[in-house]
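Let's take a look at some charged pairs and one piece of helix packing. Here is the model to keep open alongside.

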Amino acid sequence: MKMILLRKFRVLILMVFLVACSMHIMIDLLPKLERHGGGGGGGGGCSCSHAPSEEPRTWGKQGWNNKHTLRILQDFSNEPSSNVSSHSLEKVPGAGDKTPASRRFEQFGPRGDRRRQFIQDSAATKNAPVKGSRLSALYEHPLYRRAVPTLTDEDTLFNVNTDIRFDPKAAEQEWNVEGNLEEFSPTGALTVDSYPNWLRFHIGINRYELYSRHNPVVDALLKDLVTQKITSVAMKSGGTQLKLIMTFHNYGQALFKPMKQTREQETPPDFFYFSDFERHNAEIAAFHLDRILDFRRVPPVAGRLVNMTKEIRDVTRDKKLWRTFFISPANNVCFYGECSYYCSTEHALCGKPDQIEGSLAAFLPDLALAKRKTWRNPWRRSYHKRKKAEWEVDPDYCEEVKQTPPYDSGTRLLDIMDMTIFDFLMGNMDRHHYETFEKFGNETFIIHLDNGRGFGKHSHDEKSILVPLIQCCRVRKSTHLRLQLLAKEEYKLSTLMSESLVRDQLSPILIQPHLEAMDRRLRQVLNVLSECVEKEGYGYVVENDLSGHRGSDRSMR
């Protein structure tokens, strides 16, 4: 009797298992059957994802509430696995491997020449100049209205067909399904203009700039960095000081650097440059300075007041970070995380009582979709208490650099000079590496990442930062002319910076002595260039990049 009951029980278990398997198979096959039945055979069936009587389903109406829907456009970030590479949270695939994100991105297809400016300057009329604004007057100056060359597929980081519409429901169904991706028909209602601002920023990157001068997406992205709901937080691996990776409700990501010093504090005189604090306001000011110099090589950065309890502790899944939270004797919420320097109870970051300032820098595209190459800065410091770098003891060091690829041709050496001027104006001594987008080879700009150690001392001008310019005596004509313009009273650099920074939520970003220091340093840069012209001649020192070309082998003589 017991054996019979046991056999019946086994049969019952087997039947339940078979029914469950059948249900799973039907659930997996049903979406494909619906697509084939609705759109195949030319029978006039609706190939869209909604019934004819329903409104088209857009991501905006669905509220972006499905994670897999956004994964087709996401998997972007920008921080390196080390402190010099990329903000990537995932392992970079091999050359022959493609992540689901990269396969999905390819579904957009190539775009035509007539659509190349669909992001850049598409709505410039919305940003009409304000009367009385010196900043608006600057951007109307001819030096700030020079167009980049006509873009080809090789000049854009991503090639996107703006006529293709995307169906988020179909994308969700296909996400974990193995099969031919060509079966997917993008016929939904999502267009390029409906993309989140972080993605539109990524799509607008090209060989010559991270973003165009009058791109409305940049200001929209800055607003997103301040207003978007933070859904998750994790510590960034690598680096010397604590940085957090924040993910937003629209699946964008940004690097958060918390406030460590007040605006009035200067770097202690006994601090080495490599042990200096990373300042959140320096990251914000660097973005605005880069924009005013018309380099446009710093990703958008905005200041934000963050609730440490609700927007960090309560949403993090990082146990190591969560365990470092505590309440101080003054009843303020504090945490310190894990890093090489300044991550201890003695150097804890405390709110008032749980509010803390910080900078949020928008991520660049993930390395799986847009690889970047890391280069050692030829004028890298020794990062040692006693040793000096070769360029500090050899006055002819630049001659050796100019014989070394990629500085022996093209525009790379001129890019280094731009970066040198940028760093000197900020007082940033911490430029050990730099990055470029691999797709564009050596003929592209340097990305100005990691500027947190700028604006540390307004009372001291570190002349050694200018050594590359002093040794090489090379500069772009466009850069030289803009520096001369910013030295004039009507376009005074400190006044323009003050006007630009007041738009940030955490204004004031810089105290007046830092603004005045930039004017003083600008005069020193122009003096160095004047001495170079006297010594070498204008034709040798100033490379004419305003005549339609971006450099020549002659510039590297």
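Is Asp450 buried, partly exposed or exposed? Asp450 is partly exposed, its relative accessible area being 29%. On that scale, buried is under 20% relative accessible area, exposed is over 50%, and partly exposed is in between (1.4 Å probe, protein chains only).

## Ground rules

This is a predicted model, where local features need pLDDT of at least 70 and side-chain atom pairs count only at pLDDT 80 or more, while totals for chains, interfaces and linings use all residues. Residues are numbered from 1 along each chain as its sequence is written, and side-chain values use heavy atoms, with hydrogens and water left out.

## Salt bridges

Count a salt bridge whenever a side-chain nitrogen of Lys or Arg sits within 4 Å of a carboxyl oxygen of Asp or Glu, and you get 25 of them. One of these joins Asp450 to Lys257, with 2.8 Å between the closest N and O atoms. Lys257 is in strand S3 (residues 253-258), and Asp450 is in the loop between strand S10 (433-437) and helix H15 (467-472), so this pair ties together parts 193 residues apart in sequence. Helices here (H or I, at least four residues) and strands (E, at least two) are DSSP runs, numbered from the N terminus. Unlike partly exposed Asp450, Lys257 is buried, at 4% relative accessibility.

Strand S10 turns up again with Glu435, whose side chain meets that of Arg372 in a salt bridge (2.6 Å, N to O). Arg372 belongs to strand S9 (residues 372-376) and Glu435 to S10, so the link ties together parts 63 residues apart in sequence. Both Glu435 and Arg372 are buried.

Then there's Arg304 with Glu311, a salt bridge at 3.1 Å, N to O. Arg304 is buried at 4% relative accessible area, and Glu311 is buried at 19%. For something with more partners, look at the salt-bridge network that links Glu209, Arg213, Asp294, Arg296 and Arg482.

## Two packed helices

Helices H17 (residues 493-501) and H18 (residues 512-536) pack at about 145°, their axes 8 Å apart. Those axes are lines fitted to C-alpha atoms, for helices over the stretch in contact, with angles running from 0 to 180 degrees between N-to-C directions.

Who makes the contact (heavy atoms within 4.5 Å)? From H17 come Leu493, Ser494, Met497 and Ser498, and from H18 come Leu515, Glu516, Met518, Asp519 and Leu522.

How values were computed. Contact means heavy atoms within 4.5 Å.
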